[in-house]
Amino acid sequence: MADELKISAEKRTEFGKGAARRIRRADKVPAVLYGHGTPPLHLSLPGHEAMLALRHSNAVLTLDVEGESHMALAKDVQRDPIKRFIEHVDLVVVKKGEKVTVEVGVHLEGEAAPETVVTTDHSVLEVEAPITGIPEWLTVSVEGLEAGTQILAGEVELPEGVTLVTDPEALVVNVSQAISEEALEAELAEAEAEAGIEQDESDEEAAEAEAAEGGDADGESAEGEDADAKDE
């Protein structure tokens with residue numbers, strides 16, 4: 001289930017990019033808490049604690065904001081694309097007993113039958129779950145599955161109290177026959193041969209077009225000479 005951790009947070013009074021940079025330089029994370037009809041609350045979270053708490057998606061946090069307790073769900077975590085440190089966090093106010101709609105990752109386990117290829121079409125599924133019972137991931141077993149097997153969203157086992165929001169007919173896992181090395185080489189050879197034929201045809205068309213242009217130029221030259229002769 002999703003992590004539930006306690007974090008002390010401070011209210012922010014400065015806003016904008018410059019203020020956010022100063023907060024991050026102090027090893028803190030800018031955040032905003034909203035939802036349940038309450039005005040947005042701008043916060044700064046301790047950097048190290050926030051990093052640990054937000055290692056997994058859908059983390060549930062209990063925030064101590066200057067003596068006030070708030071339960072929150074991490075809705076959006078923005079990270080630096082290169083250094084991966086947390087730049088900003090959007091938090092949604094939640095209450096015990098309520099259900100929330102979240103995206104949960106699909107985790108494959110086991111090995112399919114020999115000479116097969118397993119592909120995941122949906123790496124996450126949208127589900128509705130109790131706020132204190134959000135699964136960390138959804139496990140799908142592919143152990144021994146033969147080529148041609150497909151697992152749909154509606155066939156994925158869900159924990160008790162969790163219901164599927166994604167279309168039940170959505171393809172999650174597809175098991176197909178692996179292409180042998182010989183078959184792959186044959187396909188490559190065929191593709192190269194077709195490319196060679198197309199290139200030859202293209203060269204022939206270019207040569208014919210060039211010859212036609214040359215013929216037209218000779219005709220125009222001959223007509224010009226005939227005209228000059230008549231003028232004389």
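Which residue in strand 10 does E109 stand opposite? I looked this up and found S141. I note here that the model is predicted.

**Entry: the chain as a whole**

I began with the secondary structure and found three helices and 13 strands in the chain. The chain has 232 residues, and 30% of them are buried. I then looked at contacts between residues with a separation of 6 or more, and 63% of these join residues 24 or more positions apart. The exposed area of the chain comes to about 14800 Å². Carbon and sulfur atoms supply 48% of that area.

**Entry: a sheet of four strands**

I went back to the strand that holds S141, which is strand 10. Strand 10 belongs to an open sheet of four strands, and I wrote down the order as 10-7-9-12. The pairing in this sheet is mixed. Which strands stand at the edges? They are strand 10 (137–141) and strand 12 (163–164). Each has a single partner strand, so one side of each is left without a neighbour in the sheet. As a reminder to myself, strands of a sheet pair through backbone hydrogen bonds, either parallel or antiparallel. Strand 7 and strand 10 run parallel, and I noted five bridges between them.

**Entry: the largest pocket**

Next I looked up the largest pocket, which has a volume of about 300 Å³. Its lining consists of 16 residues. Those nearest the centre are S57, N58, A74, K75 and D76. Which strand gives the largest share of the lining? Strand 5 does, with six residues. I recorded the range of strand 5 as 68–79. Strand 7 (99–109) also supplies at least two residues of the lining, and this strand is the one I had met in the sheet with strand 10. I sorted the lining by residue type and got seven nonpolar, five polar and four charged residues.

**Entry: H88**

My last item was H88, which I located in strand 6 (residues 86–93). How far apart are the C-alpha atoms of H88 and A20? They are separated by 8.5 Å, while the two residues lie 68 residues apart along the chain. I then listed the contacts of H88, leaving aside its neighbours within four places in sequence. R12 is one of them, and V29, P30, A31 and V32 are also among them. The list ends with D76, V77 and Q78. I had already written down D76 as one of the residues nearest the centre of the largest pocket.

Notes:
Residues numbered from 1 in each chain as written. Predicted model: local features only at pLDDT ≥ 70, side-chain atom pairs only at ≥ 80, totals over all residues. Heavy atoms only, no water. 1 Å grid on protein atoms, 1.4 Å probe; cavity = no way out; pocket = protein on both sides within 12 Å on 5 of 7 lines; lining within 4 Å. Points joined across faces, edges and corners; volume = space filled by probe spheres on them. Nonpolar A, V, L, I, M, F, W, Y, C, P; charged D, E, K, R; others polar. Buried < 20%, exposed > 50% of the residue type's maximum accessible area, 1.4 Å probe, protein only. Contact = heavy atoms within 4.5 Å. Areas by Shrake-Rupley, 256 points an atom, 1.4 Å probe, with all protein chains shown as cover. Pairing = 2+ DSSP bridges.
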